[in-house]
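This report describes a protein and DNA assembly for a reader who has the sequence and coordinates at hand. It begins with the surfaces near the DNA and then turns to the relation between the chains and to a sheet.

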There are 2 protein chains.
Amino acid sequence: MSASRNNSSDQRRSGTVNIRDVASRAGVSIATVSRVVNHIATVDAELARRVWKAIEEVGYVPNTQARALVSGRSRMLGLIVSEITNPFFPELVQEFENLAVAQGYEVLIGSTNYEPVRTESLIRRMLQRNVDGVAVMTFGIEEDLVQKLVEREFPLVFVDAGPALPNIRVLKVNYAEGIRQAVQHLAALGHRHIAFISGPLRLRSAVARRDAFLKSMAELGQIVPPEHMVEGNHTMEGGMAAMEHLTGLAELPTAVLCSNDMTAIGVLHALYRTTHKVPEDISVVGFDDIHLAQFMLPPLTTVQMSCKHLAAAAVEALRAGIESDHPKAAQTEWHIPTQLVVRQSSAFPRGTLPALVERNAGKRKGAATKRNK
Amino acid sequence: MSASRNNSSDQRRSGTVNIRDVASRAGVSIATVSRVVNHIATVDAELARRVWKAIEEVGYVPNTQARALVSGRSRMLGLIVSEITNPFFPELVQEFENLAVAQGYEVLIGSTNYEPVRTESLIRRMLQRNVDGVAVMTFGIEEDLVQKLVEREFPLVFVDAGPALPNIRVLKVNYAEGIRQAVQHLAALGHRHIAFISGPLRLRSAVARRDAFLKSMAELGQIVPPEHMVEGNHTMEGGMAAMEHLTGLAELPTAVLCSNDMTAIGVLHALYRTTHKVPEDISVVGFDDIHLAQFMLPPLTTVQMSCKHLAAAAVEALRAGIESDHPKAAQTEWHIPTQLVVRQSSAFPRGTLPALVERNAGKRKGAATKRNK
DNA sequence: GCGGCTTCAGAAATCGTTTCCTAGCCTTCG
DNA sequence: CGAAGGCTAGGAAACGATTTCTGAAGCCGC
């Protein structure tokens, strides 16, 4: 009698074909169908074939919600970024998503727009959707929420440094190396007055980049006057405003290092408006190496932070937290390299060795660092 | 006896607090808790207060999967875009997401990278996740999949024109108006040789923009030679290649209209490499008005297609399809306006009225069209 | 004072899976 | 030849909600 109710050639809700339909069609139990679908080996080859055939015929698609409900895992990953409209992040999202999908996960994306409140509400929303883990590629998460999640052993991945708690995985970006290369590159060109436009200093990674700059300058014996350290906000508008501030100074720096490429684009725009020439009047260096950078006028010298690396590390770190038998389950740190890419927005400062500039500008770039083809 | 098993002050799985925990804490049944959470009015105010208190105390969060399983609705929307790394789409995604979240929906994002195969697999993945509806902001979906979805009365929203089937909602962008404004703007400046770099012509919206261009030119009595119609692919690389093709021609056009802003950025870069000056040597006009456009060197004259409008229409159209009592449930078309925004990448062609160029370039812009502040 | 109607809360069925447990069958070994 | 043990497949119990149905009050009117 139960068979007569379950065996539904006429489905109760239109378009919904479920595991029971497959089972009755193949003449097996739903448990067997489940085993076949999940590739559990303990099922007879002949039966499995019949099940696959039935699945094909009725057009069965497993219901993810039901599956998640009982298994307790949703195979969804959360990815929280600072600002989806900053081109660096779509590039990261794309890489992340491709990798995640290839490994059978879906991705839920959230953008905080640099508002700490949003980070929390995003995480809550994602938890409600039962994501298996969250990668936080921004800042602003409150300690006590993290604390709770850690207690639940919920897989979390942070960039740079999360709160100092166990069971959190961290992607450590080697800002110092890239920034050091950039500073040395500028110094080698003859720059002595290098300004720095930072990101919003609430952001850990922005502070890290700024500190790396100061350290590199100090290593060269250079003291940076405070008026050459400007806080931006990682947007073009911020870069523009910061550069306008710098051009208003009595002593204009001969080079500007920016905390990200969007800032650098804003700087280029500000210099365009004040008719300063780049790189003749002033050199500009970015950070991130977004795809756009090489299309700027002039193409932007910048520090590359590999999206591919970052995304791959994030996915791996999440899986390490989710799957208890993951080979890297015990690993807590992933290291992401950075590297200077020299293009045409950096050159000898005006007045120094003009002849050399003319002759060597082409050959000079990318000497010890990555060559831009 | 069942009470002793369900009443779990010690939860069976760590961190999972469910409706039963709330019920036993508040001393009510799970049905009542459900009613309270869903704001169903037939529950006593005092009881409701007790339930809310219990919810607060145990930190209850409803399990979305279970809810979706029984209610048949997931409150998730799918959004499929052409290419997430084209800055237009993150802007759209952001607007869409903000609106959706404000209305209680979550968003699943997919990027096809212009591969038709991916559109299909994306839709399938989204269906598997039980999204309530999908907005397809790109092309390449196969008719028979759509046919199946239409039969299931699955809410679908297309841009421009989906397959001609009932029960599909369409966002019609008025490309013709924006393109016409752009062409007339260039013509008014004195341009007679205007080239057009299209998008990939498999894409409906790319064809629509191209046709609008040809029509506008025809209205002015201008015939466009075939070598001035170049097919691009909506990327910077495509724009660059297309422009390189154009600069190789015997007769260089005096203006180039691009099917989107990324193409225009590629064009600017190509012209930079060939040391052509914009707008003195050649005028460049884009389409989309991405945020980046105003920061280009020079700031890009472009046709604005409002993300806000588009996103709002998409969300509204989806909800109209999902919620049977929606006020616009019967509406099948939404109209999206476009409008020229004049900036500094367009000017009089070299040789014509040079004096006027000098004197009027500043005042001229934005005469009959939107003024860029 | 009692019957019927309204209101509100609880019991139980259901959604579509996974997974544990058990029953049968076949093999193998004593 | 019989008992033990290993496979395989099915039955049934979860998973955490919604929702229908049922039943117990309370109130009103006759």
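Which elements each supply at least two residues of the surface near DNA strand D? In this predicted model, they are α3 and α5 of chain A, together with α2 (19–26), α3 and α5 of chain B.

The surroundings of DNA strand D comprise 30 residues, and the closest of these are A:T32, A:R35, B:I19, B:S34 and B:N63. Divided by type, the residues of this surface are 15 nonpolar, 8 polar and 7 charged. Of the atoms of DNA strand D that lie within 4 Å of the protein, 68% belong to sugar or phosphate, while the rest belong to bases.

For DNA strand C, the residues around the strand number 31, with A:I19, A:S34, B:S29, B:T32 and B:D44 coming nearest. The surface near DNA strand C divides into 15 nonpolar, 9 polar and 7 charged residues. Among the atoms of DNA strand C within 4 Å of the protein, sugar or phosphate accounts for 65%, and bases make up the rest.

Both chains place polar atoms beside phosphate oxygens, and the table lists such pairs with their distances.

| Residue | Atom of the residue | Partner | Distance |
|---|---|---|---|
| A:N18 | polar side-chain atom | phosphate oxygen of DNA strand C | 3.5 Å |
| A:I19 | polar backbone atom | phosphate oxygen of DNA strand C | 2.6 Å |
| B:T32 | polar side-chain atom | phosphate oxygen of DNA strand C | 2.8 Å |
| A:T42 | backbone N or O atom | phosphate oxygen of DNA strand D | 3.1 Å |
| A:D44 | polar backbone atom | phosphate oxygen of DNA strand D | 3.0 Å |
| B:N63 | backbone N or O atom | phosphate oxygen of DNA strand D | 2.7 Å |

On the side of DNA strand C, the elements that give two or more residues to the nearby surface are α2 (19–26), α3 (30–37) and α5 (64–71) of chain A, together with α3 (30–37) and α5 (64–71) of chain B.

How are the two protein copies related? Chain A can be laid on chain B by a turn of 180° and a shift of 0.0 Å along the axis, with an RMSD of 0.2 Å, and the two copies are thus related as by a two-fold rotation axis. Within chain A, the C-alpha nearest this axis belongs to A:Q65, at 2.5 Å from the axis. Because 100% of the interface residues of chain A are also interface residues in chain B, the copies meet through the same surface.

Chain A also contains an open sheet of 6 strands, paired in the parallel sense and arranged in the order β2-β1-β3-β4-β5-β11. At its edges stand β2 (106–111) and β11 (333–336) of chain A, each with a single partner strand, so that one side of each is left without a neighbour in the sheet. Neighbouring strands of the sheet are turned against each other by 15° on average, direction ignored. Strand β5 (residues 168–173) of chain A pairs with β11(A) in the parallel sense over 4 bridges, and A:V173 stands opposite A:I336 in β11(A). Helix α6 (residues 88–102) of chain A packs on the sheet, where it touches β1 (76–81), β2 and β3 (133–137) of chain A, and the direction of this helix makes about 170° with that of β1(A).

How values were computed: Residues are numbered from 1 along each chain as its sequence is written. Chains are lettered from A and ligands numbered from 1 in the order in which they are written. This is a predicted model: local features need pLDDT of at least 70, side-chain atom pairs count only at pLDDT 80 or more; totals for chains, interfaces and linings use all residues. Side-chain values use heavy atoms; hydrogens and water are left out. Two strands pair if DSSP finds at least two bridges between them. Axes are lines fitted to C-alpha atoms, for helices over the stretch in contact, and angles run from 0 to 180 degrees between N-to-C directions. Contact means heavy atoms within 4.5 Å. A residue is near a molecule or strand if one of its heavy atoms lies within 4 Å of it. A polar contact is a pair of N or O atoms within 3.5 Å; within protein, one must be able to donate a hydrogen and the other to accept it, and residues adjacent in sequence count only if both atoms are side-chain atoms. Ala, Val, Leu, Ile, Met, Phe, Trp, Tyr, Cys and Pro count as nonpolar, Asp, Glu, Lys and Arg as charged, and the others, Gly among them, as polar. Copies are superposed by least squares on the C-alpha atoms of residues with pLDDT of at least 70 in both.
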